[in-house]
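Reader: Please take one part of this model and go through it closely: where it sits, what it touches, and how the elements around it are packed and linked. I would like one connected account rather than a list.

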Amino acid sequence: MSQNKIKKSTQVAMGGLIAALSLVIMFLTGLIPFGEYALPAFSGFILIAIVIDINFKTALIVYFAVSVLGLFIVPVKESALLFLFFFGYYPSIYLELNKIKNKFFKILIKFLIFNVSVTIAYLIFINLFSKPEEFTQFGKYTFLIMLACGNVFFIIYDYAVKSCHYIYIYQFRPKLMRKLK
């Protein structure tokens, strides 16, 4: 559904509800073991509805609001940084990235975005929120090992984003739009 078919008040309400839901999910990182990585990813998935039903600009506004508020209220700051630097915007830019015709270049850009984003988040987290000895299990190769594991995870995550887009467009959205009419 295009932006013109949804009233402005509905767009604002949808943006507010999705932002609130994202923040609640992010807040749960302090309560659910191992939720530090999965919950920010899930919070990003729900922004897909904004991109598809309203527009990319509104999705970025919601992402920015959740990111800023998340830095203040999310108990696990690493999760808030991961949402800010990757999980929050990647599902929103996924459709744009998939418009790139050259498959090799598209994959290269996706991995570049992931690696730069995670590296920035890691450096900020290490310098602001942690003690350096927390990350010395593998010596000077800790970051490289974590990044390699992260790239394997990214392949799975990219497929999950694709699947979430499909599920939202073809299964969830038609039911939602019938109820909104």
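Author: Ser 92 is buried, because its relative accessible area is 2% and the limit for that class is under 20%. The model is a predicted one. Ser 92 belongs to helix α6, which covers residues 90–97. Leaving out residues up to four places away in sequence, the contacts of Ser 92 are Leu 47, Val 51, Phe 56 and Ala 59. Of these, Phe 56 and Ala 59 fall within helix α4, residues 56–73, and Val 51 falls within helix α3, residues 48–53.

Other residues of α6 meet helix α7. The axes of α6 and α7 are 11 Å apart, and the packing angle is about 160°. The two helices are therefore roughly antiparallel, since an angle over 145 degrees is placed in that class. The crossing of α6 with α7 is right-handed. On the α6 side the contact is made by Tyr 90, Ile 93, Tyr 94 and Leu 97, and on the α7 side by Lys 106, Ile 109, Lys 110 and Ile 113. By type, six of these residues are nonpolar, two are charged and none is polar.

Which residues does Asp 158 touch, once its neighbours within four places in sequence are set aside? They are Tyr 90, Tyr 94 and Lys 110, and these three names also appear in the contact of α6 with α7. Asp 158 itself is in helix α8, which runs over residues 142–180. With Lys 110, Asp 158 forms a salt bridge in which the closest N and O atoms are 3.3 Å apart. Lys 110 lies in α7, residues 103–129, and Asp 158 in α8, so the salt bridge ties together parts 48 residues apart in sequence. Buried or exposed, where do the two partners stand? Asp 158 is buried, as its relative accessible area is 15%, and Lys 110 is buried as well, with a value of 6%. For the position of Asp 158 along the chain, its C-alpha atom is 24 Å from that of Thr 142, which is 16 residues away.

A search of the whole structure gives three salt bridges, the one just described being one of them. Another joins Asp 53 to Arg 173, with 2.4 Å between the closest N and O atoms. Here Asp 53 is in helix α3 and Arg 173 in α8, and the pair links distant parts of the chain, 120 residues apart. Both Asp 53 and Arg 173 are buried. The remaining pair involves α6: Glu 96 and Lys 99 meet through their side chains, at 3.1 Å from N to O. Lys 99 counts as exposed because its relative accessible area is 54%, while Glu 96, at 45%, is partly exposed.

In α8, Ile 169 can be set beside Arg 173. Ile 169 is partly exposed, at 26% relative accessible area. Residues up to four places away in sequence aside, Ile 169 is in contact with Ile 52 and Pro 174. The residue Ile 52 is within the range of α3, residues 48–53. The C-alpha atom of Ile 169 is 38 Å from that of Ile 126, a residue 43 places away along the chain.

The last packing to describe starts from α4, the helix whose range takes in Phe 56 and Ala 59. How do α4 and helix α5 cross, and at what distance? Their axes come within 9 Å, at an angle of roughly 165°, with α5 covering residues 77–87. Hence α4 is roughly antiparallel to α5. The crossing of α4 and α5 is left-handed, whereas that of α6 and α7 is right-handed. From α4 the contact takes in Tyr 63, Val 66, Ser 67, Gly 70, Leu 71, Phe 72 and Ile 73; from α5 it takes in Lys 77, Ala 80, Leu 81, Phe 83 and Leu 84. In this contact nine residues are nonpolar, two polar and one charged.

Key: Residues are numbered from 1 along each chain as its sequence is written. This is a predicted model: local features need pLDDT of at least 70, side-chain atom pairs count only at pLDDT 80 or more; totals for chains, interfaces and linings use all residues. Side-chain values use heavy atoms; hydrogens and water are left out. Axes are lines fitted to C-alpha atoms, for helices over the stretch in contact, and angles run from 0 to 180 degrees between N-to-C directions. Helices (H or I, at least four residues) and strands (E, at least two) are DSSP runs, numbered from the N terminus. Angles under 35 degrees count as roughly parallel, over 145 as roughly antiparallel, 65 to 115 as roughly perpendicular and the rest as oblique. A crossing is left-handed if the near helix is turned anticlockwise from the far one by less than a right angle, and right-handed if clockwise. Contact means heavy atoms within 4.5 Å. Ala, Val, Leu, Ile, Met, Phe, Trp, Tyr, Cys and Pro count as nonpolar, Asp, Glu, Lys and Arg as charged, and the others, Gly among them, as polar. A salt bridge is a side-chain nitrogen of Lys or Arg within 4 Å of a carboxyl oxygen of Asp or Glu. Buried means under 20% relative accessible area, exposed over 50%, partly exposed in between (1.4 Å probe, protein chains only).
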